Every structure is written in C-alpha cells, then in structure tokens.
Amino acid sequence: MSSPNNGTTVPVPVPVPVPAPIPVELSPKDHEKQTRKHAPHPYKGFVAGVFSGVTKLTVGHPFDTLKVRLQTAPPSQFAGPIDCLKKTIQKEGVRGLYKGATPPLVGWMFMDSIMLGSMTQYRNLLRRYYYFPVHNLPSTSPLPHIGNAIAGIGGGWTVSFVAAPVEHIKARLQVQYHDARKHGAHPHLASTAAAQPYYSGPIAAIQHIGAGHGIRGLYHGLLSTLLFRSHFAGFWFTYSHLTDQLKKRTSLSDPAINFWAGGFGAQCFWLTSYPFDVVKQKVMTDRIVNGYGGGEKYGKSWVRAARGVYEEGGVGWRGFWRGFAPCFLRAFPANACALVAFEGVMRALP
C-alpha cells in the first residue's frame, strides 16, 4: 500500500492462524474425579427428602384419608368424595381426616428421605458409570429424561421396603369407622361409625400384627407396593421433561418451575398408577389370617385382589378408579409443595 505523502509502501500484517485446541482424552480416573466433583454430596438428597416428606403429609393427608375410604368401603357407603368428606367430619370431626397420620408423619420423613436420597445416588451412579464415560455427558449437565426415569424406579423400589409396613398400618387405621372423639377398644373389628376402633393407634396396630404374624405380617402387601412404586419412572421422566421445557420457554424462577413440574408430574403419575394403588389398598386392608373376625379374602395374591376390585359391586373397571377425585386433587398441591421444599433444600445445602 502507498503512502499519500512520500510514496513508501507499508507492509500489511498477516494474521497468524491459531491452531484449534486438541481435545484431551480423560482417563477413567479423571472421568470419575470430574463426576464426583460436580455430583451432589450424598447427604443432601436424604436431608432434603425429610423436608419433602413433612410438606407432603401436611398438605395431602386429608385427601389421602378420603381416597383410602372410597377405595375400600362398600359402594353403597359413600355417594362420592364430597359425601365421604361430609360424613367423616360430621361423625369424627376434622381429626378424622388426619386419622392414621402418625405413621406417615414419621414414615414420610424416612420414606421421602430414603426415596429421594437413594434416587440422587442412582443419578450420580448413572452419570459416573454410564452417561459420562459412554456418552461423554458433561459432568455439569442434567441427566437425560430416561436416566431420571431409571433413577426413579430405583428410588421407588428402595423405599418400598420402608413404605410397605408404614402404608399397611396407615391403611388399617384409616378404614376404622368410628368417632375419633371417643375412646376405648372393641373386641372385634369395627365396621360401623358408632363402633369403637379395633386398634387404638399405630403402636397398638404394630404390636397386634407383629405379635400375631411377625415381620411378614407387617410387610403384608410388599409385592403390591413394589408394583405401584415402579410408576415413579413416569413421574420423574415427566418432571425432568417439564423442568427442561419450562427453563427453555419461560422466565419462571427455579421454585416456580419446581412447583409446576412437580404438580403436573404427580398428576401424570396417578393417571397411570392409580389402579395399582387401589389393588394395593385392598391387599393391605384385607384380613391377614383367621382371627380378624373372618378369613382372609385375597391373601397375598395381587391377581385375586385385582379380580375382587373388578367384581365388587358389579361396577367392573370403574372399581379401579374409586376415590380417584380426592387423590387427583391432592396430587398437585401436595407434590408441588414437596418438590419446592426438596429442590430448595438441595440448592441451599453446602
């Protein structure tokens, strides 16, 4: 190029190309260090699960009581969820809605702690030993939706061994139709609202069943619990997908995203799992052996219980959806609030 003043030529600097960085292949040991560095600490999921359990029970137990009563009562006893609510409050007071709340109050803290804590560990294991080394998933990236579904199944099966006896005792207390404002015991299983309860409380129920039938009696309905909780795969797949979409398409805060994703995820869960829950409740509230005022009706057979649900009252498939309305209404607020509590504590813990 010529200068306008003296005609001299000024050389133009030629840019030097910068070589692209050469990707560094991490060794298996470095892979594990990377995933361990970014994975949540093992204790966080268990601690956050306690807060989730308390929140879920406080919001959802009254709905659960109505659900269990509608699932297990004769078809003629209640005209529907509103009728069940009215009769429960009239005859037993508001306390009747929280009947059987003591086992799940303690149980939900442990159950959600174990389920969410173990699920967090299954997520870490999937990331560390499959998605990171096989698919080269960055250690800071969330798991794919299917990975969350697999971790959800693992968490559901793990907690089943705690949930089965807790839900067994809770269900037996919930189907005692008596006035909670009166006290006393009755020599045989209460079957009317005027009768006194067969079990005076959760401790009495545990002692009675444990003394008569041992640990196997307390775990009556374990298989039904495992089948029911397998549907947590759908819950966590939906929750993961909705969380991802809400982050991409909205400007909602993290707690708001947790609330909406948790609520809608729970409703999708119940739409697929509810018939399994009905059968589970039938098994758990069945007489275990002779001595409960009569012989067992279903025993341990899930198929017999499912057939009984179908045939009872001549309602066919509608029997699998008895009590669905209070359950579906409960699902959104209880689980939405529980997920807000869980994810909030997970973010807050060091």
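A cavity is a set of grid points where a 1.4 Å probe fits but cannot get out. In this predicted model, a search for such enclosed spaces finds 2 cavities of 30 Å³ or more. It helps to take them in turn, starting with the largest.

The largest cavity holds about 350 Å³ of space. Its lining is made up of 27 residues, and those lying nearest the centre are Lys-56, Trp-108, Arg-229, Trp-270 and Arg-330. Divided by class, the lining has 12 nonpolar, 5 polar and 10 charged residues. Readers who wish to trace the walls of this space in the structure can follow the helices: two or more lining residues come from each of H2 (42–72), H4 (102–135), H5, H7 (222–229), H8 (232–249), H9 and H11 (324–348). Of these elements, H2 gives the most to the lining, with 7 residues.

The second largest cavity contains about 40 Å³ of space. Its lining can be listed in full: Gln-71, Pro-75, Val-278, Lys-282, Val-309, Glu-312, Val-315, Gly-319 and Arg-322. By class, 4 of these residues are nonpolar, 2 are polar and 3 are charged.

Two of the helices that line the largest cavity, H5 and H9, also pack against each other. Helix H5 covers residues 145–174 and helix H9 covers residues 254–284; their axes are 9 Å apart and meet at an angle of about 75°. Angles of 65 to 115 degrees count as roughly perpendicular, so H5 is roughly perpendicular to H9. On the H5 side, the contact is made by Ala-164, Glu-167, His-168, Ala-171 and Arg-172, while H9 brings Lys-280, Gln-281 and Met-284. Sorted by class, the contact of H5 with H9 has 3 nonpolar, 2 polar and 3 charged residues.

A final detail concerns helix H11, another contributor to the lining of the largest cavity. Pro-333 lies in this helix, H11. The relative accessible area of Pro-333 is 26%; a residue counts as buried under 20% and as exposed over 50%, so Pro-333 is classed as partly exposed. Along the sequence, Pro-333 is 67 residues apart from Ala-266, yet in space the two are 9.4 Å apart, C-alpha to C-alpha.

Conventions
Residues numbered from 1 in each chain as written. Predicted model: local features only at pLDDT ≥ 70, side-chain atom pairs only at ≥ 80, totals over all residues. Heavy atoms only, no water. Axes fitted to C-alpha atoms, helices over the stretch in contact; angles between N-to-C directions. Helix = DSSP H or I, 4+ residues; strand = E, 2+ residues; numbered from the N terminus. Parallel < 35°, antiparallel > 145°, perpendicular 65-115°, else oblique. Contact = heavy atoms within 4.5 Å. Nonpolar A, V, L, I, M, F, W, Y, C, P; charged D, E, K, R; others polar. 1 Å grid on protein atoms, 1.4 Å probe; cavity = no way out; pocket = protein on both sides within 12 Å on 5 of 7 lines; lining within 4 Å. Points joined across faces, edges and corners; volume = space filled by probe spheres on them. Buried < 20%, exposed > 50% of the residue type's maximum accessible area, 1.4 Å probe, protein only.
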